[in-house]
Amino acid sequence: MDLLITGVLIGALLLLLAAGVWIGLALIGVAWIGMALFTQRSVGDAMALTIWGSASSWTLTALPLFIWMGEILFRTRLSEDLFRGLAPWLQRLPGRLLHTNILGSTLFAAVSGSSAATCATVGKMTLPELQRRGYPDALSLGTLAGASTLGLLIPPSIIMIVYGVTAEVSIARLFVGGIVPGLLLAALFMGYVIVWSLLHPQAIPPEAERLSLADKLRASRHLLPVLLLIGGVLGTIYTGIATATEAAAVGVVGALLIAAAQRALTWATLRDSLLGAVRMYCMIALILAGAAFLTLAMGYLGLPRHVATWIGSLQLEPWQLVAALALFFIVLGCFLDGISIVVLTMGVLLPTVQAAGLDLIWFGIFVVVMVEMAQITPPVGFNLFVLQGMTGRQVTELARHAAPMFVIMVLAVVLLTAFPELVTWLPQRMAG
């Protein structure tokens, strides 16, 4: 019977998606079919209560604010300031200005929340400059594709908010838990560039000019606005002064001040940023509402409990379960975007994860890293699409350039599994 129900639900979902139905509406439709065919519950009442409860969640208020913050900053000259502030310090490092892709993405990720926005914002400045100076395209495109996924891992992160609402865990602790893994991944990307540059020294252009320490410090003033904004958002969360939602409001005010200081705050940019944020949030909110209703329907059908019991009967070690889930997420990432992956799987997987004794904060960061991989895997890799729009290159070529970054992310997952304290230590200190 469970196999029949599962087959009907999966078939209905695939049919609706193939017909071009929005994914949020497709999830609601599948939940309706499941409850109408296989339960005696009142479908209309359950749907109305669940969707209203999902839409009126106070925790979810942080999401539109962080999206708006990123939309405002996208319309400023922040990417130029990041390049001008970072470039002087990187001339002596093997790989030189290639590291601007990684460090620029790391810094912008801390005020964006979106990997696509990070890729577009950082890339619009670094790619033309790196090409003009003669840096190899493969490494320029590959490092940008990989490093821009940090927009999902380094807080504030849209996908972390989605997971936190779905799994009912603290978004503030998720944010703090993503800091060390995000910095670790950035360090691994930089390490790869350093090793590659040492092995291929002829491929890296010579140092443009020698700057004094005073010149470097003067250039660093361009980094001050973004560093203050990062401190305002993450500092208030870590110290407990503000919740994630309140920190999001701080971030919006800071972004407006930066835009005003750069003379980028016009009625047109304010309108465009608001419309962009509303469109993005409405899409995500509809998906979350559909996922909440589908999770309720699956709960009535007993599917999560049966899946958890089946996986428990396999008597897998925690690392074996993590490895199996990693392969599962990699396959899903080839066909679905990150938010869809989270909302479609958490209702079924969370009981299994909890039964295996895995920390839900750690599992949330693990899921985010797996979703990061999905951003650079064809045929549905959103960062690859962004880069294709910016450069005109084929997605397959871009995916080939990003392949080393994918391998590095796999290494990061291995490290996070072997040393879970990389995720859990900072949230525990925060709680203390």
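This is a short dialogue about reading helix packing, burial and backbone features in a predicted model.

Biologist: Let's start with helix packing. How do you describe two packed helices?

Modeller: Two packed helices are described by the angle between their axes and the distance between the axes. Take H5, residues 78-90, and H13: their axes come within 7 Å and cross at roughly 155°.

Biologist: Are H5 and H13 roughly parallel or roughly antiparallel to each other?

Modeller: Angles over 145 degrees count as roughly antiparallel, and H5 and H13 are therefore roughly antiparallel to each other. The crossing of H5 past H13 is left-handed. On the H5 side, the contact is made by Arg84, Gly85, Pro88 and Trp89, and on the H13 side by Leu213, Lys216, Leu217, Ala219 and Ser220. Sorted by type, the residues of this contact are 5 nonpolar, 2 polar and 2 charged.

Biologist: What does the other case, H16 with H19, look like?

Modeller: H16 and H19 (residues 338-355) pack at an angle of about 20°, and their axes are 9 Å apart. That makes H16 and H19 roughly parallel to each other, and their crossing is right-handed. From H16 you get Ile284, Ile287, Leu288, Ala291, Leu294, Thr295 and Met298, which meet Ile339, Val343, Leu344, Gly347 and Val348 of H19. Here the split is 10 nonpolar, 2 polar and no charged.

Biologist: How should I read the spacing of residues in a list like that?

Modeller: An α-helix has 3.6 residues a turn, so residues three or four places apart point the same way. In H16, the contact list includes Ile284, Ile287, Leu288 and Ala291, so have a look at that face with the general idea in mind.

Biologist: Back to the H5 side. Where is His222, and is it buried or exposed?

Modeller: His222 is in the loop between helix H13 (213-220) and helix H14 (224-238). The cut-off for buried is under 20% relative accessible area, and at 15% relative accessibility His222 counts as buried. Leaving aside neighbours within four places in sequence, His222 is in contact with Asp81, Arg84 and Gly85. With Arg84 there is also a side-chain to side-chain polar contact of 3.3 Å. Arg84 is one of the H5 residues that make the contact with H13.

Biologist: And which residue shows the exposed case?

Modeller: Try Arg132 in helix H7 (residues 115-132). At 60% relative accessibility, Arg132 counts as exposed. The side chain of Arg132 makes a polar contact of 2.5 Å with the side chain of Glu129. For a sense of distance, the C-alpha atoms of Arg132 and Leu344 are separated by 43 Å.

Biologist: How many residues of H10 are buried?

Modeller: Of the 10 residues of H10, 8 are buried, so the helix is mostly covered. The buried ones are Ile158, Ile159, Met160, Ile161, Val162, Tyr163, Gly164 and Ala167. What covers them includes helix H4 (62-74), H9, helix H11 (171-177), H16, H19 and helix H20 (360-374). At the start of H10, a side-chain oxygen of Ser157 reaches to within 3.4 Å of the backbone nitrogen of Ile159.

Biologist: Now the backbone. What would count as out of the ordinary there?

Modeller: Most residues other than glycine have a negative phi, and most peptide bonds are trans. Glu168, which follows H10, has a positive phi near 55°. Arg96, in the loop between H5 and helix H6 (99-109), has a positive phi of about 45° although it is not a glycine. Arg263 is another non-glycine with a positive phi, about 60°. It lies in the loop between helix H15 (244-261) and helix H16 (267-301) and counts as exposed at 78% relative accessibility.

Biologist: Which residues does the cis peptide bond join?

Modeller: The cis bond joins Pro155 and Pro156, with omega about 0°. Pro156 lies in the loop between helix H9 (150-153) and helix H10 (158-167).

Biologist: What touches those two prolines from helix H14?

Modeller: Leu234, which lies in H14. Not counting residues up to four places away in sequence, Leu234 touches Pro155, Pro156 and Ile179. Leu234 and Pro155 are 79 residues apart along the chain, yet their C-alpha atoms are separated by 7.6 Å. At 16% relative accessibility, Leu234 counts as buried.

Key
Residues are numbered from 1 along each chain as its sequence is written. This is a predicted model: local features need pLDDT of at least 70, side-chain atom pairs count only at pLDDT 80 or more; totals for chains, interfaces and linings use all residues. Side-chain values use heavy atoms; hydrogens and water are left out. Helices (H or I, at least four residues) and strands (E, at least two) are DSSP runs, numbered from the N terminus. Buried means under 20% relative accessible area, exposed over 50%, partly exposed in between (1.4 Å probe, protein chains only). A polar contact is a pair of N or O atoms within 3.5 Å; within protein, one must be able to donate a hydrogen and the other to accept it, and residues adjacent in sequence count only if both atoms are side-chain atoms. Contact means heavy atoms within 4.5 Å. Axes are lines fitted to C-alpha atoms, for helices over the stretch in contact, and angles run from 0 to 180 degrees between N-to-C directions. Angles under 35 degrees count as roughly parallel, over 145 as roughly antiparallel, 65 to 115 as roughly perpendicular and the rest as oblique. A crossing is left-handed if the near helix is turned anticlockwise from the far one by less than a right angle, and right-handed if clockwise. Ala, Val, Leu, Ile, Met, Phe, Trp, Tyr, Cys and Pro count as nonpolar, Asp, Glu, Lys and Arg as charged, and the others, Gly among them, as polar.
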